[in-house]
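Okay, thanks for squeezing me in. Let me put the structure up, and then I'll talk through a helix pair, some salt bridges and a couple of buried spots.

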Amino acid sequence: MADNASDKHQDGEKGHASSTDGEGSHFVHDEAFERRLIRKIDRHLVPIVMLLYLTSFLDRVNIGNARLYGMEEDLNMKGNMYQTAVSVLFVTYLAFEVPSNLVLKKLRPSRYISVITTMWGIIATCTGLVQTYNQLIALRVVLGIFEAGLFPGMAIYLTFFYTRKELAVRIGYLFVASALAGACGGLLAFAIGNMDGIAGRRGWRWILIIEGIPSFILGIATFFLLPDDPESARFLSEDEKTYMHARRLQQQGETLDAQKFHWADVRACLKDWKVWGFAFAQFGADTMLYGFSNYLPTVLQQIGQWSAPVTQVLTIPCYFLGAVTYLLMARLSDHTQRRGIFCTLFGLISILGYAILLAPVSSSAHYAGTFLVAMGLYVLVGIPLAWLPNNLPRYGKRTTATGLQLTIGNASGIMAPFIYATGDKPRYIRGHAVSLAMVGFATLVYTFFWYWFTRQNARRARGEDDHILTNKTEKEIQELGDEAPTFKYIT
């Protein structure tokens, strides 16, 4: 039995012939049928998933656009009060990410995501009505509670429908949505800012109010549009649901029992050094994400002393380049089934961008530097969010690891505002230097994992760990998940 399992490991995942799924049913791979099925799932899921994250990210970072239209003046914000308002959201955001992931399946994604989206839409809209700084802080704290469940929940939710070979592109759609949120935020702020004075309200208030309303509407629609899993998807036929179930069990380690929640998997996750390595590398990459997203309008305004409307327009090409770059690289990553090489390469590109921002060069060169940062930003932040769950086939371990990865990563949202302190303008040397260092750290960690996973695959292919297979059935071997000598890591 061990020898047979080892032979299967050499082939990786089956993609052309019939095979058993380990639970007694029979599976025949139909490539044409599967392509049509995945396109169908994409049509029904991707638009709503992207809209959810777009509105979430927009409501989280549009405070950066509101800042340019009189928010600090109206709320009497001085010193680092703006930085505190940005960072305080992440205190509750971090506290609720892992618990949110653990209850997602039990509470049903359609209901849970609908409720939290509707609630943060109400809170985001009300932020435009605050009269004091303390009220702003209070709403930002509550906003973090409800937004905490979306991204980690979506990252796990997508694994219900897509295999490890398809995941990077679909996670990529979330980051394309965040880039679109940045671009749309700038464009909307440019347009909405002209409403300054209408109904006696300042432009910054209109930005927060108008950009918050779509989340409320989308939250209600989500209850009706988002299926909980393939079995509850009304747009799938019975044959398609059966195929989805069978193909899922063809993935390495994806047994029926492995897809149930077990506390033993949670404990295994907390003891796995690889999970912690990915989590702290995510912290480094997310420092760039939150620093860039919340401060790009401010940094650009200081670079060229441009007006607020012009600054908003100048943010759009940066986000557009970041979105296109990530989507192309995510597709290439899924096609080649490689992750590490993209993290290393685009981490270096972002480092070059920050080096230009730190250099005493012209304003146009500094603006060019922001494009290089944007090119690497979403690749370095997004690819690992597909890479780690790709290598964790057991549901309990995967969902805990993703929550932990995002929790520690998003902790950078507390720090990032303070490295771009108001007193550091116009160059923000400290902010750019810290960001460069953190991106460099993340790039080194991901390069190490690229090397380590490659080495482990070679070791397992040589059979050096096959002693673990002794006296185990094929099913018992599959239940070992990523610890099984037959499991092949995605590098």
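So, helix 2 passes helix 7 in a left-handed crossing, left-handed meaning that the near helix is turned anticlockwise from the far one by less than a right angle, where clockwise would be right-handed. Helices here are DSSP runs of H or I, at least four residues, numbered from the N terminus. Helix 2 covers residues 31–61 and helix 7 residues 109–127, and they pack at about 35° with their axes 11 Å apart. Those axes are lines fitted to C-alpha atoms over the stretch in contact, and the angle, on a 0 to 180 degrees scale, is between N-to-C directions.

Who's touching whom? From helix 2 you've got Leu 52, Thr 55, Ser 56 and Asp 59, and from helix 7 Ile 113, Thr 117, Trp 120 and Ala 124, with contact meaning heavy atoms within 4.5 Å. By class that's four nonpolar, three polar and one charged residues. For the classes, Ala, Val, Leu, Ile, Met, Phe, Trp, Tyr, Cys and Pro are nonpolar, Asp, Glu, Lys and Arg are charged, and the others, Gly among them, are polar.

Quick housekeeping: this is a predicted model, so local features need pLDDT of at least 70 and side-chain atom pairs count only at pLDDT 80 or more, while totals for chains, interfaces and linings use all residues. Numbering runs from 1 along each chain as its sequence is written, and side-chain values use heavy atoms, with hydrogens and water left out.

On to salt bridges, that is, a side-chain nitrogen of Lys or Arg within 4 Å of a carboxyl oxygen of Asp or Glu. How many are there in the whole structure? The search finds 21.

Take Asp 265 and Arg 394, whose side chains meet at 2.8 Å, N to O. Asp 265 sits in helix 13 (residues 263–270) and Arg 394 in the loop between helix 17 (363–390) and helix 18 (395–410), so the pair ties together parts 129 residues apart in sequence. Are the partners buried or exposed? Asp 265 is buried at 8% relative accessible area, and Arg 394 is buried at 11%. Buried means under 20%, exposed over 50% and partly exposed in between, using a 1.4 Å probe and protein chains only.

Glu 238 and Lys 241 make a more local story: their closest N and O atoms are 3.8 Å apart, and the two residues are three apart in helix 12 (residues 238–248), about one helical turn. Glu 238 is exposed at 56%, whereas Lys 241 is buried at 16%.

There's also a network of salt bridges linking Asp 272, Lys 274, Lys 397, Asp 482 and Glu 483.

Asp 482 comes up again with Asn 391, which is in contact with Arg 164, Phe 453, Asp 482, Phe 487, Tyr 489 and Ile 490, leaving aside neighbours within four places in sequence. Asn 391 is in the loop between helix 17 and helix 18, and it's buried at 3%. As for helix 18, 16 of its 16 residues are buried, so it's largely enclosed by the rest of the structure.

Last stop, Ser 435 in helix 20 (residues 429–461). Ser 435 is buried with a relative accessible area of 0%. Skipping neighbours within four places in sequence, Ser 435 is in contact with Thr 287, Tyr 354, Ile 419 and Tyr 420.
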